[in-house]
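These are my notebook entries on one protein chain. I set down what I looked up, entry by entry.

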Amino acid sequence: MTVSILIVCLGNICRSPMGEAVLRYEAAKRKIEIEVDSAGTGAYHIDENPDYRYVHCTILSSRLRRRGFESTACGTTGPVSTCKKHQVPISHTARQVKEADFREFQYILTADESNLRNLMAKKPSEGLGSAVVRLWGSYLDNKPIGDPYYGTIQDFEVCFQQCTKLSNAFLDEVFGKN
């Protein structure tokens, strides 16, 4: 039976799509078959791609280069560019957590305590949703994943490294050490 995991953050454009991509990648490296998706507790970015700044900055940089200006200030921030740097495929459209997720996924892992509280308040009563809902960091060090949304490329790199460690800690606990 394939294990199913939902990674959750607030808007589903930074931490959770990166976490989804990294967990899928780390599982594939171990030849572990999983089903993984991501969602947000908020409805702020439904139907958007991961971190819009990457796309908008890339377009802006392209326009500046066509006019003869050198532009390296943007186009390098976000989960897409960070995953690409590490050769981790990422493709996602933001969505909000729905009640059916508590039935369809075996594990729902949150980026931080605030999202964990939001999910626990929405979780259906026993029997209507059997997903294990936990802070993703509880598989390693109980630390939340810092939100890089207002940060720099370094903040996205820290997020990526944390997602990698948490992915391996989760896989170790559920499937055994590599």
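**Entry 1. A cut-off, and a residue to apply it to.** I count a residue as buried when its relative accessible area is under 20%, and as exposed when that area is over 50%. I tried this on Thr82, which has 1% relative accessibility and therefore counts as buried. I located Thr82 in helix H3, residues 79-85. Leaving aside residues up to four places away in sequence, I found that Thr82 touches Met18, Ile153, Phe156, Glu157 and Phe160.

**Entry 2. Confidence.** I note that the model is predicted. I looked up the average pLDDT of the protein chain and found 86, with 82% of the residues scoring at least 70. Over residues 54-62 the pLDDT falls below 50, and I recorded eleven contacts in the model for this stretch beyond near neighbours in sequence. Residues 71-75 also stay under 50 in pLDDT, and for them the model has ten contacts beyond four places in sequence.

**Entry 3. The chain as a whole.** I counted six helices and four strands. Read from the N terminus, their order is β-α-β-α-α-α-β-α-β-α. Of the 178 residues, 51% count as buried. The accessible surface comes to about 9,300 Å², and I noted that 51% of this area belongs to carbon and sulfur atoms. I then took the contacts with a separation of 6 or more: residues 24 or more positions apart account for 77% of them.

**Entry 4. Strand pairing.** I asked in which sense S1 and S2 pair, and over how many bridges. The pairing of S1 and S2 is parallel, with seven bridges. I found Leu6 opposite Asp37 in S2. Five of the seven residues of S2 are buried, so I entered this strand as mostly covered. S3 and S4 also run parallel, and four bridges join them. There I identified Val133 in S4 as the bridge partner of Ile108.

**Entry 5. The two faces of S4.** I looked at where the side chains of S4 point. Val133 and Leu135 point to one face and are buried, whereas Val132 and Arg134 point to the other and are not. I set beside this the general rule that side chains in a regular strand alternate between the two faces of the sheet.

**Entry 6. Helix H5.** Which residues of H5 are buried? In this helix, residues 113-122, I found Asn115, Leu116 and Leu119 buried. They lie on the same side of H5, because they cover an arc of only 105 degrees around the axis. As a general point, an α-helix has 3.6 residues a turn, so residues three or four places apart point the same way. On the face of H5 turned away from the buried side I found the exposed residues Arg117 and Ala121. I next looked up what covers the buried residues of H5; the cover includes strand S1 (3-9), helix H1 (15-29), helix H4 (101-104), strand S3 (107-110) and strand S4 (132-135). At the start of H5, I noted a side-chain oxygen of Asp112 within 3.2 Å of the backbone nitrogen of Ser114.

**Entry 7. Positive phi.** Most residues other than glycine have a negative phi. I therefore looked up two residues with a positive value, citing that general rule. Asn12 has a phi near 65 degrees, and Lys31 also has a phi near 65 degrees. Are Asn12 and Lys31 buried or exposed? Asn12 is buried, with a relative accessible area of 0%, while Lys31 counts as exposed at 76% relative accessibility. I placed Asn12 in the loop between S1 and H1, and Lys31 in the loop between H1 and strand S2 (34-40).

**Entry 8. Surroundings of Asn12.** I searched for polar contacts of the Asn12 side chain. One of 2.7 Å joins the side chains of Asn12 and Ser16, and one of 2.7 Å joins those of Asn12 and His92. Not counting residues up to four places away in sequence, I listed Pro17, Ser38, Ala39, Gly40, His92, Thr93, Ala94 and Arg95 as residues that Asn12 touches.

**Entry 9. Pro148.** I found Pro148 in the loop between S4 and helix H6 (153-175). At 1% relative accessibility, Pro148 counts as buried. I took the C-alpha to C-alpha distance from Pro148 to Pro79 as 9.1 Å, for two residues that stand 69 residues apart in sequence.

How values were computed: Residues numbered from 1 in each chain as written. Predicted model: local features only at pLDDT ≥ 70, side-chain atom pairs only at ≥ 80, totals over all residues. Heavy atoms only, no water. pLDDT = per-residue confidence, 0-100. Contact = heavy atoms within 4.5 Å. Buried < 20%, exposed > 50% of the residue type's maximum accessible area, 1.4 Å probe, protein only. Arc of directions from axis to C-beta. Polar contact = N/O pair within 3.5 Å; in protein donor to acceptor, adjacent residues only side chain to side chain. Pairing = 2+ DSSP bridges. Areas by Shrake-Rupley, 256 points an atom, 1.4 Å probe, with all protein chains shown as cover.
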